[in-house]
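Hi,

Here is the structure I said I would pass on. Have a look at it first, and then read my notes underneath.

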Amino acid sequence: MGEVFPETGFTPLRPLGHAEKYSTTRSHLGIYLNVGLTVRYKRPSGVTVKPALFHALSMLISKHPILSAIPFAVDTPNPYFIRLPKIVLSEVVTFVKDDSSSDWIEILDEVIEEQHNRPFDIQLNKNLPFWRFCVLESNQDPTHFILVFVFHHALMDTKSALSFHEELEECIAEYAGLEPSDTIYSPSHALFPPLEELHTLPVSQEFLQSQEKHHEPSPDSWTGSPQVTPVKTRFSSLWLSETETRRLAAASKKKHTSITAALQTLITAGLFSVLPSKYRTMQADCAVSLRRFLPEPVTATTLGCYVGSLSMTYHRMPSFDWAEARRTKVNIEQAVAKKGGDMPVGYLKFIPNQHIWMRQKLGRKRMSGFELSNVGASSVSRGKKDFEIESILFSQSSSACSAAIKVSAVTGPDGRLALGFTWQEGIVEADMVEKLKGALKSEVERLAISE
């Protein structure tokens with residue numbers, strides 16, 4: 001691929017890999033739309049955000065070719081990326097002024113929910129990439145602003161988005177005052193290879209057979225309502241304090257487990273505490289970055305989709321249990337020890353037509369109650385720049401064909417662990433999520449006091 005389509009001026013790049021195709025199929029069918037990574041910046045009072053942000057974006061668009069690539073022929077079994085010739089920043093960055101006295105977290109939750117219900121569509125006459133920014137500013141707080149970054153999962157995973165934000169912060173801080181261009185022409189670099197060209201993702205015969213069977217959850221397993229479209233995403237966040245986050249990390253280390261394993265167990269215990277007693281078991285999914293197993297040219301800062309997942313089953317527990325958190329850690333370690341082997345992402349290569357496969361899921365029961373994705377902590381150092389990221393919030397749209405509740409976790413430079421809860425309207429009740437958040441918050445507070 002490399003010739004230019006004469007009728008559009010778009011350059012075909014490379015075929016989508018299986019994981020990229022999975023994300024594109026889901027979005028095309030309206031099953032799952034996008035991912036978000038939002039940051040709250042401190043800034044000098046009165047300094048204008050737009051020119052500094054546009055300068056930073058122009059630098060990163062020129063550096064990362066995936067930012068000007070969009071999936072094409074998405075309704076076929078063989079989609080591929082094409083390159084937009086240019087990106088007009090004023091068409092992908094929206095500025096919102098909010099001068100209400102409402103809490104910024106409450107306003108942010110509303111904006112994020114709206115963003116997760118907006119799909120990325122191919123509009124060849126508009127040069128729109130499969131990512132966008134919403135900038136929230138308030139005269140009530142001129143020392144801060146918020147960047148909501150929303151992107152298509154075929155372009156990158158959340159580790160990539162975290163790296164992108166860290167690069168963006170550097171570029172914003174280096175802005176020297178020149179008026180940036182609104183139109184950025186795309187680089188001609190090749191895209192990085194897809195996941196399966198970098199890793200064999202081996203699948204055992206036993207795992208293959210387990211994936212090919214049609215599974216139903218056990219009658220006593222809570223999974224929300226069956227898988228249906230259309231999908232309307234609901235969103236709500238929960239922010240732990242810096243002290244609570246630090247104490248949870250210390251307690252997890254002291255009890256020989258990890259924050260991810262403790263969080264997964266805390267969510268499980270919280271869900272059981274708000275569910276009827278007839279539900280005795282629950283399957284939980286956990287996202288795992290595969291980046292550490294990939295060769296050059298992929299590095300810690302490469303933008304791409306390099307993520308796998310694992311599942312495990314829990315039995316009803318009367319309250320949070322450190323032994324269960326240790327069991328969770330062992331299960332995660334055992335899955336990671338296979339270095340990408342026997343994961344659902346490796347099974348995708350055996351699916352001849354993902355559109356048919358995804359449609360067959362609709363109407364069936366879900367297998368999992370919830371999914372946890374913990375992208376970890378930002379590594380940015382503090383106190384050196386005028387523009388600095390303080391807080392981070394990870395979120396994603398709900399899905400018609402996976403866990404009933406998605407919990408997305410990240411710890412910002414301010415040391416606060418933020419959790420983004422998404423669920424599909426009509427599949428999970430909003431008051432149930434609020435009860436879960438309350439149970440989770442109470443348990444974390446209890447653990448923080450006891451340590």
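Below is what turned up, starting with a sheet and ending with a lysine.

One thing to keep in mind: this is a predicted model.

The sheet is an open one with 6 strands, and if you walk across it the order is β10-β16-β15-β13-β11-β12. The pairing is mixed. At the edges you'll find β10 (233-239) and β12 (307-315); each has a single partner strand, so one side of each has no neighbour in the sheet. Going from one strand to the next, the twist averages 20°.

Let's stay at the β10 edge for a moment. The partner there is β16 (residues 417-424), and the two strands run antiparallel, joined over 7 bridges. If you want a spot to zoom in on, try Trp 239, whose bridge partner in β16 is Ala 418. This part of the sheet also has a helix lying across it: α13 (residues 430-450) covers β10, β15 (405-411) and β16. Its direction is at about 15° to that of β10.

Now for the lysine. Lys 21 sits in helix α1 (residues 18-28). What does this buried residue have in place of a salt bridge? Glu 196 is the nearest side chain of opposite charge, but it is 7.4 Å away, and Lys 21 has no salt bridge. Its side chain does reach the backbone oxygen of Pro 77, at 3.1 Å. Leaving aside residues up to four places away in sequence, Lys 21 touches Leu 16, Pro 77, Pro 79 and Gln 354.

Cheers

Methods: Residues are numbered from 1 along each chain as its sequence is written. This is a predicted model: local features need pLDDT of at least 70, side-chain atom pairs count only at pLDDT 80 or more; totals for chains, interfaces and linings use all residues. Side-chain values use heavy atoms; hydrogens and water are left out. Two strands pair if DSSP finds at least two bridges between them. Helices (H or I, at least four residues) and strands (E, at least two) are DSSP runs, numbered from the N terminus. Axes are lines fitted to C-alpha atoms, for helices over the stretch in contact, and angles run from 0 to 180 degrees between N-to-C directions. Contact means heavy atoms within 4.5 Å. Buried means under 20% relative accessible area, exposed over 50%, partly exposed in between (1.4 Å probe, protein chains only). Lys and Arg count as positive and Asp and Glu as negative; His and the chain ends are not counted. A salt bridge is a side-chain nitrogen of Lys or Arg within 4 Å of a carboxyl oxygen of Asp or Glu. A polar contact is a pair of N or O atoms within 3.5 Å; within protein, one must be able to donate a hydrogen and the other to accept it, and residues adjacent in sequence count only if both atoms are side-chain atoms.
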